[in-house]
Amino acid sequence: RCFPIRLPQTALLGHATVLVIDRDVGNRRYIGRVLRSVGYSVISFADPDAARQALATGCYDVILLTLDPQQEDWLAIVHACGAVGDAPMLVAAENGNPELVVRVLDSGVEDCLAMPFDAADLSARIARLLRLGWRRHGMATLGRLGDLQLDLVRPRVRLNGCEIGLTRLEYRTLWVLMQGRERVVPFPDIEKRVWG
């Protein structure tokens, strides 16, 4: 469910949500396994048209599109997804030669990754795109208040260096307060952002 004030899914759910578009079932399983292992939620589609419908009705933090430029009109898929959603996009391209990477980046995609890729590289690039997307909306990606630290990309809260567990509601409330950048956050704003 989208909230009137757009919040990242990590603030709403306690984890970021990545929309994956890949025609190959093996790739979808591998990408899903990698991203879930670092705490992301993954929604996968084989069909770009179904993914566009999902983008029109749901909220996603990052779009990951894998493609084989020899087999499909990848530019049309990129433009169609970009026209529907405002999430940053990562394209993983088979046979990702430098010329193709330049063409993909010139199309407006935020990042391009050649396949096959390393799991650590993939998760680092997704984290980078999360930070990029939040900055576009004027949001902080790391909150610190005294000895309290809130990692907004991978939802973790540390107090005096020790990780503490919070409920989703507690995390969302703390997230909204951190976005206030040490200013007073009016209760109606907290209510709207935390409860919707």
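User: Hi! In β3, which residue is the bridge partner of L19?
Analyst: Hello! In this predicted model, L19 has I63 as its bridge partner in β3.

User: And what about I21, what does that one pair with in β3?
Analyst: I21 has L65 as its bridge partner there. Both pairs involve β3, which spans residues 62-67, and strand β1, residues 17-21, is joined to β3 by 4 bridges.

User: Do those two run parallel or antiparallel?
Analyst: β1 and β3 run parallel. In general, strands of a sheet pair through backbone hydrogen bonds, and either sense can occur.

User: What sits on the other pairing of β3, the one with β4?
Analyst: Strand β4, residues 89-94, pairs with β3 over 5 bridges, again in the parallel sense. As an example, L64 stands opposite L90 in β4.

User: Nice. How many of the β3 residues are buried?
Analyst: 6 of its 6 residues are buried, so the strand is mostly covered, with burial meaning under 20% relative accessible area.

User: Which ones point which way?
Analyst: V62, L64 and T66 point one way from β3, while I63, L65 and L67 point the other way. Residues on both sides are buried. That fits the general rule that side chains in a regular strand alternate between the two faces of the sheet.

User: Zooming out, what is the strand order in that sheet?
Analyst: The open sheet has 5 strands in the order β2-β1-β3-β4-β5, with parallel pairing. β2 (41-45) and β5 stand at the edges with a single partner strand each, so one side of each has no neighbour in the sheet. On average, neighbouring strands are turned by 20° against each other, ignoring direction.

User: Which helices lie across it?
Analyst: Two examples: helix α3, residues 48-57, lies across β1, β2 and β3 and runs at about 155° to β1. Helix α5, residues 98-106, lies across β4 and β5, at about 150° to β5.

User: Switching topic: how many aromatic pairs does the structure hold?
Analyst: The structure holds 1 aromatic pair. The partners are Y30 and F117, with 6.1 Å centre to centre and 35° between the planes, which makes the pair tilted.

User: Where are those two along the chain?
Analyst: They come from distant parts, 87 residues apart. Y30 belongs to helix α2 (residues 25-37), and F117 is in the loop between β5 (111-115) and α6 (119-136).

User: Is F117 buried or exposed?
Analyst: F117 counts as buried because its relative accessibility is 12%, under the 20% cut-off.

User: And why does Y30 count as partly exposed?
Analyst: Because Y30 has 31% relative accessibility, which falls in the range between the 20% and 50% limits.

User: Now for E191: where does that residue lie?
Analyst: E191 is in helix α8, which covers residues 187-195. With 41% relative accessibility, E191 counts as partly exposed. The C-alpha atoms of E191 and V176 are separated by 9.8 Å, and the two residues are 15 apart along the chain.

User: Last bit, whole protein: how many helices and strands?
Analyst: There are 8 helices and 9 strands. Buried residues make up 46% of the 196 residues.

User: What share of the contacts comes from residues 24 or more positions apart?
Analyst: Such residues account for 60% of the contacts with a separation of 6 or more.

User: And how much area does the protein expose?
Analyst: The protein exposes about 9,900 Å², and carbon and sulfur atoms supply 51% of that area.

Terms used:
Residues numbered from 1 in each chain as written. Predicted model: local features only at pLDDT ≥ 70, side-chain atom pairs only at ≥ 80, totals over all residues. Heavy atoms only, no water. Buried < 20%, exposed > 50% of the residue type's maximum accessible area, 1.4 Å probe, protein only. Contact = heavy atoms within 4.5 Å. Areas by Shrake-Rupley, 256 points an atom, 1.4 Å probe, with all protein chains shown as cover. Pairing = 2+ DSSP bridges. Phe/Tyr/Trp six-rings, centres within 6.5 Å; stacked < 30°, edge-to-face > 60°. Axes fitted to C-alpha atoms, helices over the stretch in contact; angles between N-to-C directions.
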